[in-house]
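Let's take a walk through this model, stopping at a few places in the loops, the core and the helices. Keep the 3D view open as you read.

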Amino acid sequence: MLDQITDSIYFIVSRSFDSNISYIKSGDHEILIDTGTGLYASSLDKDLQSQGSSLERITDVVLTHCHIDHIGGVIPLLERGSPKLYLHKAEAVPINSGDMSQTLGATFGADLPPIKIDVLLDEGSLIDFGEIKLRVFHTPGHSEGSIVMQVEGSGILFTGDTLFPGGSFGRVDFPTGSPEKLVASLKRISEMDFEIGLPGHMNAMMYNARKSALTSYQMAKNWFGIR
Ligand SMILES: [Zn+2]
Ligand SMILES: [Zn+2]
């Protein structure tokens, strides 16, 4: 089920263990933010076809981090087309050297083949798709290479597995996770200017997402006992 957020941004709430997936149309660019596990690629293809797109038409894939429930769908996309892949450098460097361990594929019994990340993202990177531009904020904690991204000139923030709705937030017990960094990242997000939050799991935060971020920050701070 694909929900329209703006003229050009669509949001697909996940199927089972998949991450949520966003689809953005900007001029000649057809972009996905995260890709799910890849187990439901044919459902994703149908959702895309409902908007005149398809797996093979995707030109760019921006990953909020490298866990298998977000990155696994890259494999069917690469079989059908040739999208450019974007990921924060902290996770892209090991992946490009053939180390897939941070994807947690082995942990979940789904070994991924080696892949190559084309664009290494960093704090402040601007991904320019023409009409739509995404500003990257490095927000480690759930994983070392986790990012959130704001659609430039809009109140829309893609929050990955850092910020979830209802005072919730990403877990920190996977390799490279850090409660201190997560709390600092949530604090930073709660000080940003945005209205709509599109998370990696659970439902979209369609109103007052910044207030939701403040709640998540306070909950995380108490949960982890960080002053
Ligand atoms: Zn996830
Ligand atoms: Zn994750």
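Start with Glu123, which, once its neighbours within four places in sequence are left aside, is in contact with Val136, Phe137 and His138. Bear in mind that this is a predicted model. Glu123 sits in the loop between S7 and strand S8 (126–129). Is Glu123 buried or exposed? Glu123 counts as exposed, because it has 11 C-beta neighbours inside 10 Å and the cut-off for exposed is 12 or fewer. As for Val136, it is 13 residues from Glu123 along the chain, yet their C-alpha atoms are separated by 5.8 Å.

Now go back along the chain to Thr64, in the loop between strand S5 (60–62) and helix H2 (68–71). This is also a loop residue, but Thr64 counts as buried because it has 32 C-beta neighbours inside 10 Å, and 20 or more is what it takes. Which residues does Thr64 contact, leaving aside its neighbours within four places in sequence? They are Ile33, Asp34, His70, Ser146, Ile147, Phe158, Gly160, Asp161 and Gly200. You can also pick out His138, 74 residues from Thr64 in sequence and 9.7 Å from it in space, C-alpha to C-alpha. His138 has come up before, as one of the contacts of Glu123.

On to the core. In general, nonpolar side chains in soluble globular proteins tend to be buried together. Here the largest nonpolar core has 54 residues, and those touching the most other members are Leu32, Val61, Val62, Leu63, Tyr86, Leu87 and Leu186. Take Val62 as an example: beyond its neighbours within four places in sequence, it is in contact with Ile31, Ile33, Tyr86, Ile127 and Leu134. Ile33 is a name to remember, since it is on the contact list of Thr64 too.

Next comes helix H4 (residues 89–96), whose buried residues are Ala90, Glu91, Ala92 and Ile95. What do they pack against? The answer is strand S6 (84–88) and strand S7 (119–121). Just after H4, Gly98 takes a positive phi of about 95 degrees. Asp99 is in the loop between H4 and S7, and it is exposed because just 12 other C-beta atoms lie within 10 Å. Asp99 is 16 residues from Ile115 in sequence and 9.7 Å from it in space, C-alpha to C-alpha.

Leu104 belongs to that H4–S7 loop as well. It isn't a glycine, but it has a positive phi of about 70 degrees. Leu104 is partly exposed because it has 18 other C-beta atoms within 10 Å. Thr176 is another non-glycine with a positive phi, again about 70 degrees. You'll find Thr176 in the loop between strand S11 (156–160) and H5, partly exposed with 19 C-beta neighbours inside 10 Å.

That loop leads us to the helix pair. Helix H5 (residues 179–190) and helix H6 (residues 209–223) pack at an angle of about 155 degrees, their axes 8 Å apart. Because of that angle, H5 is roughly antiparallel to H6. The crossing of H5 past H6 is left-handed. On the H5 side the residues involved are Leu182, Val183, Leu186, Lys187, Ile189 and Ser190, and they meet Arg210, Ala213, Leu214, Ser216, Tyr217, Ala220 and Lys221 in H6. By class, the contact has eight nonpolar, two polar and three charged residues. Leu186 ties this back to the core, being among the members that touch the most others.

Key:
Residues numbered from 1 in each chain as written. Chains lettered and ligands numbered in written order. Predicted model: local features only at pLDDT ≥ 70, side-chain atom pairs only at ≥ 80, totals over all residues. Axes fitted to C-alpha atoms, helices over the stretch in contact; angles between N-to-C directions. Helix = DSSP H or I, 4+ residues; strand = E, 2+ residues; numbered from the N terminus. Parallel < 35°, antiparallel > 145°, perpendicular 65-115°, else oblique. Left-handed = near helix turned anticlockwise from the far one by under 90°. Contact = placed C-beta atoms within 7 Å. Nonpolar A, V, L, I, M, F, W, Y, C, P; charged D, E, K, R; others polar. Core = buried A, V, L, I, M, F, W, Y, C linked by C-beta atoms within 7 Å.
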